[in-house]
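Subject: Structure handover

Hi,

Here is the structure we talked about. Please open it alongside this note; my findings follow below.

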Amino acid sequence: LAAFVDTLSPGEYVLLEHPAHDTPEMRAIGHVGYENVASDRQGITVALTSAEAKAAVARRRIRLISYADLARTAQAPGPLQYTSPAGVEYRASRDT
């Protein structure tokens, strides 16, 4: 994960994962072809909380936000506005 973070160019990104601990409850989840859900998700938890990943985020001055932060932005007055890293501007009414 830290190596991946170090390759990111400036911009906005969403990293969507499903961290969890390898527990009996998680070991009960899965299906044919993907039986190791618990160990995979434990690996994600380890990667996301590793000192290396935290150092990469700090080194790159990445600002982590939550879905709650996004919700607050969506509730702000005025039109929704976004400018992509390529400079393309998007605007939408909050009524849509």
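In which helix is Y67 found? Y67 sits in helix α5, which covers residues 67-75. Keep in mind that this is a predicted model. Y67 is exposed, at a relative accessible area of 61%. Y67 also belongs to a nonpolar surface patch of about 580 Å². The other residues that make this patch are V14, L16, I65 and L70.

Overall layout

The protein chain has five helices and two strands. Along the sequence the order is α-α-α-α-α-β-β. Of the 96 residues in the chain, 14% are buried. The accessible surface is about 7700 Å². Carbon and sulfur atoms account for 59% of that surface. Now take the contacts with a sequence separation of 6 or more: 40% of them join residues 24 or more positions apart.

Helix α4

I spent some time on α4, residues 51-59. Its buried residues are A53, A56 and V57. Why do they fall on the same side of α4? Because they cover an arc of only 100° around the axis. On the other side, A51, E52, K54, A58 and R59 are exposed. The cover over the buried residues of α4 includes α1 (2-7) and α3 (37-48). Just after the helix, R61 takes a positive phi of about 55°.

The stretch before α4

S50 lies in the loop between α3 and α4. Is S50 buried or exposed? S50 has a relative accessible area of 16%, so it counts as buried, the cut-off being under 20%. Its side chain reaches the backbone oxygen of A47, at 3.1 Å.

A47 itself lies in helix α3. A47 is partly exposed, with a relative accessible area of 26%. Leaving aside residues up to four places away in sequence, A47 touches L1 and A53. A53 is one of the buried residues of α4. L1 is 46 residues from A47 along the chain, yet their C-alpha atoms are separated by 6.2 Å.

Salt bridges

How many salt bridges does the structure hold? There are two.

- R59 pairs with D6, and the closest N and O atoms are 2.8 Å apart. R59 is in helix α4 and D6 in helix α1, so this pair ties together parts that are 53 residues apart in sequence. D6 is partly exposed, at 36% relative accessible area. R59, its partner, is among the exposed residues of α4.
- R27 pairs with D22, and here the closest N and O atoms are 2.7 Å apart. D22 counts as partly exposed, at 31% relative accessibility.

Where to look

If you have time for one region, take α4 and what surrounds it. α1 and α3 are both among the elements that cover its buried residues. The salt bridge from R59 to D6 links α4 with α1. The contact of A47 with A53 starts from a residue of α3. After that, turn to the patch with Y67, V14, L16, I65 and L70.

Best wishes

Conventions
Residues are numbered from 1 along each chain as its sequence is written. This is a predicted model: local features need pLDDT of at least 70, side-chain atom pairs count only at pLDDT 80 or more; totals for chains, interfaces and linings use all residues. Side-chain values use heavy atoms; hydrogens and water are left out. Buried means under 20% relative accessible area, exposed over 50%, partly exposed in between (1.4 Å probe, protein chains only). Helices (H or I, at least four residues) and strands (E, at least two) are DSSP runs, numbered from the N terminus. The arc is that of the directions from the helix axis to the C-beta atoms. Contact means heavy atoms within 4.5 Å. A polar contact is a pair of N or O atoms within 3.5 Å; within protein, one must be able to donate a hydrogen and the other to accept it, and residues adjacent in sequence count only if both atoms are side-chain atoms. Patches are made of residues with over 30% relative accessible area and no salt bridge: like charges are joined within 9 Å, nonpolar side chains (Val, Leu, Ile, Met, Phe, Trp, Tyr) within 5 Å. Accessible areas come from the Shrake-Rupley method with a 1.4 Å probe; for residues, only the protein chains shown count as cover. A salt bridge is a side-chain nitrogen of Lys or Arg within 4 Å of a carboxyl oxygen of Asp or Glu.
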